[in-house]
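User: I should like to learn how to read salt bridges in a structural model. Could you guide me through the topic?

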Amino acid sequence: MSLSRKRKKELRRLQKEATQLWESQQVVVGHAADVAREASRQLGSLGREQVLPVVQDTYNRRFAPVVDQGVKIGRHVVDDKVVPIVGGVVGSALTAWDYANAKRHGVAAPAPRGAFGKKQKSGPGLGSVVAIILGAAAAVGVLYAAWQALRADDELWVADDPLSAPDA
């Protein structure tokens, strides 16, 4: 296909204008990238200088005391409540174990704590009750797990007779 001279000249001019437009757009896009980069830098500086101190101050005034108080209460509960109870449970269990071993072997049992003029407590103590409850909960858990494993579930059982091949 041959083009006339006039068409070729118009196409070259149009191509030149398109190239100039593309170059000017590249300059504008480059300038927009520079502006966006500077805006990002300014935003980061504003965040570090203005926002971050306010957030840190609010955290230190409102949240840090609550968190510290929660940690202090948790530490108090563990140190003053849980550890003595667990120690009592373990101590009671070991004492019961010692008495059972002494009785089984026919050895004289060690003297109970209250043998020196103090009145002995009658009945199980708090540690014994907690140990009994934990033991009962563990037993229930074991029984439930065994029941789940051994219950009659048709999909879990293997058939006694081999399956026949399907008819083709």
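Analyst: The discussion below concerns salt bridges in this predicted model.

User: What is the general idea behind such a pairing, and how many salt bridges does the structure hold?

Analyst: Side chains of opposite charge can pair when their charged atoms come close. In this structure, five salt bridges are present.

User: Which residue meets Glu10 in a salt bridge, and where do the two lie?

Analyst: Glu10 pairs with Arg7, with an N to O distance of 3.0 Å. Both belong to helix H1, which covers residues 5-105, and they are three residues apart, about one turn of the helix. Glu10 has a relative accessibility of 30% and therefore counts as partly exposed.

User: How far apart are the closest N and O atoms of Arg13 and Glu17?

Analyst: These atoms are 3.2 Å apart in the salt bridge between Arg13 and Glu17. Arg13 and Glu17 are four residues apart in helix H1, so about one helical turn separates them. Arg13 is partly exposed at 49% relative accessible area, and Glu17 is likewise partly exposed, at 41%.

User: What is the N to O distance between Arg37 and Asp34, and is Arg37 buried or exposed?

Analyst: The salt bridge between Arg37 and Asp34 has an N to O distance of 2.8 Å. Within helix H1, the two residues are three positions apart, which means that about one helical turn lies between them. Arg37 has a relative accessibility of 53% and counts as exposed, the cut-off for that class being over 50%. Asp34, at 41%, counts as partly exposed.

Conventions. Residues are numbered from 1 along each chain as its sequence is written. This is a predicted model: local features need pLDDT of at least 70, side-chain atom pairs count only at pLDDT 80 or more; totals for chains, interfaces and linings use all residues. Side-chain values use heavy atoms; hydrogens and water are left out. A salt bridge is a side-chain nitrogen of Lys or Arg within 4 Å of a carboxyl oxygen of Asp or Glu. Buried means under 20% relative accessible area, exposed over 50%, partly exposed in between (1.4 Å probe, protein chains only).
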